[in-house]
Amino acid sequence: LPTPQATLSPSPSKHSKQQIMNGPSLQQVTITAQQNAQKTIKPYTIRTPLIPLNFKRPDLPHLQIYLKLETHQPGVGSFKIRGASNAIVSRIDNNNNDLTKDTVVITASAGNMGQGVAHVC
């Protein structure tokens with residue numbers, strides 16, 4: 001497979017050329033953070049099925065591929081509900097607030113993430 005190539009914007013940026021080429025830095029996620037996120041999103045998500053794909057390759061006879069059917073997520077049909085619910089509820093909990101009908105949340109997404117935000121709110 002070809003190596004993905006980054007494109008640089010000709011406009012000035014606060015990021016260095018090296019930062020743009022390497023992309024955003026990844027933060028290490030702890031087990032505790034993952035467990036907290038799992039508890040946070042539980043009211044908004046379901047445990048989706050893992051289905052084996054009937055796919056055989058003669059050169060890899062023991063290869064097993066599974067599909068995680070996030071299309072079964074309520075309201076959205078996408079894994080984006082996980083990130084949306086965790087981001088919103090975590091932010092509200094950290095500010096000692098409750099998610100009420102008066103809570104204002106704005107998203108710039110018209111796609112699955114926007115639908116996830118709308119579903120949570």
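These legends go with close-up views of a predicted model.

**View 1. The whole chain, with four helices and two strands.** Walk along the sequence and the elements come in the pattern α-α-β-β-α-α. Of the 121 residues, 16% count as buried. The accessible surface adds up to about 10,100 Å², and carbon and sulfur atoms account for 55% of that. If you look just at contacts between residues at least 6 apart in sequence, 51% of them join residues at least 24 apart.

**View 2. The largest nonpolar core, built from eight residues.** The members are Val76, Ile81, Ala84, Ile88, Val89, Ile92, Val117 and Val120. Helices α3 (80–94) and α4 (112–120) each put in at least two residues, and α3 is the top contributor with five. As a rule, nonpolar side chains in soluble globular proteins tend to be buried together.

**View 3. The buried face of α4.** Here we pick out the buried residues of this helix: Gly114, Gly116, Val117 and Val120. Looking down the axis of α4, they fall within an arc of 160 degrees, so they line one face of the helix. Two residues from this set, Val117 and Val120, also turn up in the largest nonpolar core.

**View 4. Thr40 and its neighbours.** Thr40 sits in helix α2 (residues 31–41). Is this threonine, Thr40, buried or exposed? With a relative accessible area of 17%, Thr40 is buried, since the cut-off for that label is under 20%. A polar atom of the Thr40 side chain lies 2.8 Å from the backbone oxygen of Asn36. Leaving aside residues up to four places away in sequence, Thr40 touches Ser85, Asn86, Val89 and Ser90. Val89 is also a member of the largest nonpolar core.

**View 5. The salt bridge between Arg82 and Glu70.** Their side chains meet at 2.9 Å, N to O. Arg82 belongs to helix α3, while Glu70 is in the loop between β2 (65–68) and α3, so the pair ties together parts twelve residues apart in sequence. The two partners get different labels: Glu70 is buried, with a relative accessible area of 11%, whereas Arg82 counts as partly exposed at 26%.

**View 6. The salt bridge between Asp59 and Arg57.** How many salt bridges does a search of the whole structure find? The search turns up two, and in this one the side chains of Asp59 and Arg57 meet at 2.5 Å, N to O. Arg57 counts as partly exposed, at 36% relative accessibility. In general, side chains of opposite charge can pair when their charged atoms come close.

Notes. Residues numbered from 1 in each chain as written. Predicted model: local features only at pLDDT ≥ 70, side-chain atom pairs only at ≥ 80, totals over all residues. Heavy atoms only, no water. Buried < 20%, exposed > 50% of the residue type's maximum accessible area, 1.4 Å probe, protein only. Contact = heavy atoms within 4.5 Å. Areas by Shrake-Rupley, 256 points an atom, 1.4 Å probe, with all protein chains shown as cover. Core = buried A, V, L, I, M, F, W, Y, C linked by side-chain atoms within 4.5 Å. Arc of directions from axis to C-beta. Polar contact = N/O pair within 3.5 Å; in protein donor to acceptor, adjacent residues only side chain to side chain. Salt bridge = Lys/Arg side-chain N within 4 Å of Asp/Glu carboxyl O.
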